[in-house]
Amino acid sequence: MKTQIEQDGIVTLTDETHNQLSGSDLWNEDLRPTTMKEHSWRGVNFATLWIGMCLCIPAYTMASGMMTLGMNWWQAIGTIFLGNVIVLIPILLNSHAGTKFGIPYPVFARLWFGDKGAHIPALARAIVAAGWFGINTWIGTEAIDTLLSASFSSWNGLPGHTAIVFALFWLLNVGVAYKGPQAIKVLGAIAAPVIGISAIILFIWAYTNSGGWGPILSTPSKFTSTGEFLAVFFPALTGVIAFWATLALNIPDFCRYARSQKSQMVAQTFSLPLTMSIFSFIGIAVTSATIVIFGEAIWDPVALIAKFPPFIILLGTIVIVLSSLTINVGANIVAPARAIENLNPKKITFAMGALVTGIFAILLQPWYIMSNFGNYIFGWLGTYGALLGPIDGIAIADYWLVRRRQMALKDLYEVNGRYSYSTGFNKNGIYALVIGVAVPVLGLLIPGLHFLWDNAWTFGLFISIIAYTYLMRGDKSVLAPGEYEEITLKTSEKPIIDSQTANPTITK
């Protein structure tokens, strides 16, 4: 029986197969493949998603952290641009699977770890996302609290004022996330232009009021040799890559709604590296101007906005709330909520997953992670980059090298299907993950190999690609040529959408 349909490079299930799988323990409405009708995201939706997520306080201050470590402005911007171009590659490679088969990240992980083993990469991504949720909630809380203090003199005297802001902002994030990725599509469309225009206005204000660029852009690098520069460059580059290595894994959660491969690829290619680099430059230029205007370098945009009149502070607060909300909901709640939901699809809802994510974020103590830049870039970013790099490598190797972009979609939702393997775990995936993590960790134990840890994400990625591809040779889960047939529709043949299942049926 033919169980799936392909049209214009997008695969979905037939009505009959959809109905058969709806009772499976691995199936629910959040995890099922998207229908043809649900592939509604255009390129502009992906562009606004990325612009909205990139225009955030951590991106604004990222270059400043590198400059405190000794880089000049163009070395910092160059590192940021290069890191985002590098991480864009796995983002696009994993986007292809989400777009073609309409599956979310936890289901994609079943392909290479098994239906039970998928919890390993899904929860690894969830822990990192929960950490980021806490970081961005804390950043947003500090921003709102600071701006309220600047606007109302009695605010600082209110007992527990920071905790009140944190609780309210936390609830706002979880509340928006409850609506799912389609709500994020709308949020991005609102936030991207508002935050983008605000950044441009701030840039123009800084330039015109300082009479130029200020001294920071003329400050030379502190490094006296190439070796000194590289000692900071590689861990900083790893930190930049790790910044979006999270989305490189769960980008299928969003691309499963893409109208076509071309639209999502073009939009992501232009929006991610350019937005991150331009916004980081704005952060440097504005900070440089503050030395002339205020007599000190103000890297924190919140501290800068607090120096303006109350009305401007109010507008700045709205922009910062939008910024923190967009990146938090888009990048840091959907993935862990889906992962937690995947533990028991029939009993755990997306809302429960979002709530657990929020609680776990508090337990990770985001205030400590952000207490200094060393904790942030060398501790937080570097450590989880070493974990996510190998997982990225396994996902890429499985889909592109082992299976060559072919899979039996229905088997991802069958408890004893092709991708359950013998025990629910694909041991080859686990072995490749251990190898991909272990080799960079040697850099922490052996001083002469520290470069492995400085580039943990990159080494882990390539090592796991090689290991997984080798271990999966001749695996029975791989489709043989001609083994699996699907109905292919031409562009002119439009499937009829059944009103009850919203799945395409075939007409001749």
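Helices here are DSSP runs of at least four residues and strands are runs of at least two, numbered from the N terminus. On that count, the protein has 20 helices and 5 strands. One thing to keep in mind throughout is that this is a predicted model.

I'll start with the overall form. The protein has 508 residues, and a compact globule of that length would have a radius of gyration near 23 Å; the protein has 23 Å, so the two agree. Along the principal axes, the C-alpha trace spans about 75 × 55 × 45 Å. Of the 508 residues, 58% are buried. If you take contacts with a separation of 6 or more, 81% of them are between residues 24 or more positions apart.

Now the surface and the charges. About 20,100 Å² is exposed, and carbon and sulfur atoms supply 67% of that area. There are 29 positive and 27 negative charges, and their mean positions are 4 Å apart.

Next, salt bridges. How many does the structure hold? The count is 9, and I'll go through some of them.

Take E38 and R32. They form a salt bridge in which the closest N and O atoms are 2.8 Å apart. Are the two partners buried or exposed? R32 is buried because its relative accessible area, 8%, is under the 20% cut-off. E38 has 23%, so E38 counts as partly exposed.

R32 also gives us a reference point for F350. F350 lies in helix α15, residues 350–363. In sequence, F350 and R32 are 318 residues apart, while in space their C-alpha atoms are 13 Å apart. F350 is buried as well, at 7% relative accessibility.

The second pair is K307 and E296, whose side chains meet in a salt bridge at 3.9 Å, N to O. This pair links distant parts of the chain, with the two positions 11 residues apart: K307 is in the loop between α12 (301–305) and α13 (310–332), and E296 is in the loop between α11 (261–294) and α12. Both partners are partly exposed, K307 with a relative accessible area of 43% and E296 with 40%.

The third pair sits within one helix. E341 and R338 both belong to α14, residues 334–342, and are 3 residues apart, about one turn of the helix. Their side chains meet in a salt bridge at 3.7 Å, N to O. Both E341 and R338 are buried. Elsewhere, salt bridges with shared partners join K410, D411, E414 and R418 into one network.

Last item, the backbone. Most residues other than glycine have a negative phi. Which residues here have a positive phi without being glycine? D8 is one of them, with phi near 55°, and Y421 is another, with phi of about 60°.

Where do they sit? D8 is in the loop between β1 (4–7) and β2 (10–13). Y421 is in the loop between α17 (373–402) and α18 (427–445). As for accessibility, D8 is partly exposed, with a relative accessible area of 47%. Y421 is at 18%, which is under the 20% limit, so Y421 counts as buried.

To recap the two loop residues: D8 is partly exposed, whereas Y421 is buried. That's what I have.

How values were computed. Residues are numbered from 1 along each chain as its sequence is written. This is a predicted model: local features need pLDDT of at least 70, side-chain atom pairs count only at pLDDT 80 or more; totals for chains, interfaces and linings use all residues. Side-chain values use heavy atoms; hydrogens and water are left out. The radius of gyration is taken over C-alpha atoms; the globule rule is 2.2 Å times the number of residues to the power 0.38. Buried means under 20% relative accessible area, exposed over 50%, partly exposed in between (1.4 Å probe, protein chains only). Contact means heavy atoms within 4.5 Å. Accessible areas come from the Shrake-Rupley method with a 1.4 Å probe; for residues, only the protein chains shown count as cover. Lys and Arg count as positive and Asp and Glu as negative; His and the chain ends are not counted. The place of a charge is taken as NZ of Lys, CZ of Arg, CG of Asp or CD of Glu. A salt bridge is a side-chain nitrogen of Lys or Arg within 4 Å of a carboxyl oxygen of Asp or Glu.
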